[in-house]
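Here's a walk through this model, taken one region at a time. Have the structure open as you read.

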Amino acid sequence: EYARALRRLVAARATAARRLSGLDVLLLPTVPITAPPLHARDTDVGGGWTSPRDALLAHNTPWSVLGLPAVSLPVPAPGLPVGAQLVGPPGGDADLLAIAAVVEKAL
């Protein structure tokens, strides 16, 4: 099972690399929900999410598993903090950080 999982991971990383080919970055929310109440567990946190932990990891875990560089930037907004996530192609760390610096200055 471990060997099969590694083969699937290699295939998923290759697919991600192909789909990001030609793109500088992906821009998406860092998390799909507003901040849940402190100590919230197994509760409806909106957007169809019933686990705060799952919701808070949903948009950033895939990039870690796929080995892609990603950075989250704070976005000025009223109320609770909001973050935007930039995801780069494999090996695009330096370019991603340069783009993040430009975006951060623009905010």
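## D42 and its surroundings

D42 has a relative accessible area of 69%, so it counts as exposed; the cut-off for that label is over 50%. Bear in mind that this is a predicted model. You'll find D42 in the loop between β1 (26-29) and α2.

What does D42 touch once its neighbours within four places in sequence are set aside? The answer is T50 and P52. P52 sits ten residues from D42 along the chain, and their C-alpha atoms are 6.9 Å apart.

Go on to D54 and you're in helix α2 (residues 52-57). Between D54 and D42 there are 9.7 Å, C-alpha to C-alpha, and the two are twelve residues apart in sequence. Is D54 buried, partly exposed or exposed? Its relative accessible area is 41%, and partly exposed covers the range between 20% and 50%, so D54 is partly exposed.

## T34 and the pocket

The loop between β1 and α2 also holds T34. T34 comes out as exposed because its relative accessible area is 58%, and the bar is over 50%. Its C-alpha atom lies 8.1 Å from that of V45, which is eleven residues away along the chain.

T34 also helps line the largest pocket. The rest of that lining is P29, T30, V31, P32, I33, A35, L80, P81, V82 and G83. The space in this pocket is about 160 Å³. If you're wondering about its chemistry, the lining has eight nonpolar residues and three polar ones, with no charged residues.

## Helix α1

Now for α1, which covers residues 2-20. How far apart are the end C-alpha atoms of this helix? They are 27 Å apart, and that agrees with the 27 Å you'd expect for 19 residues at 1.5 Å a residue. The expected span is worked out with one less than the number of residues, so don't multiply by the full count.

After α1 comes G22, a residue with a positive phi, near 90°.

## The nonpolar cores

Which residues make up the largest nonpolar core? There are seven: A16, L20, L28, W63, L66, L68 and V87. Two elements, α1 and α3 (61-66), each give two or more residues to this core.

L68 is a handy place to start looking around in there. Not counting residues up to four places away in sequence, L68 touches the core members A16, L20, W63 and V87. Its contacts also take in G88, P89 and P90.

Another core lies apart from the largest one. This other core has five residues, including V71, L73, L96 and A100.

## The whole chain

Stepping back, the protein chain has four helices and three strands. Read from the N terminus on, the order of elements is α-β-α-α-β-β-α. The C-alpha trace spans about 40 × 40 × 20 Å along its principal axes.

How much of the chain counts as buried? The figure is 22% of the 107 residues. As for contacts between residues at least 6 apart in sequence, 51% of them join residues at least 24 apart.

Terms used: Residues numbered from 1 in each chain as written. Predicted model: local features only at pLDDT ≥ 70, side-chain atom pairs only at ≥ 80, totals over all residues. Heavy atoms only, no water. 1 Å grid on protein atoms, 1.4 Å probe; cavity = no way out; pocket = protein on both sides within 12 Å on 5 of 7 lines; lining within 4 Å. Points joined across faces, edges and corners; volume = space filled by probe spheres on them. Nonpolar A, V, L, I, M, F, W, Y, C, P; charged D, E, K, R; others polar. Core = buried A, V, L, I, M, F, W, Y, C linked by side-chain atoms within 4.5 Å. Buried < 20%, exposed > 50% of the residue type's maximum accessible area, 1.4 Å probe, protein only. Contact = heavy atoms within 4.5 Å.
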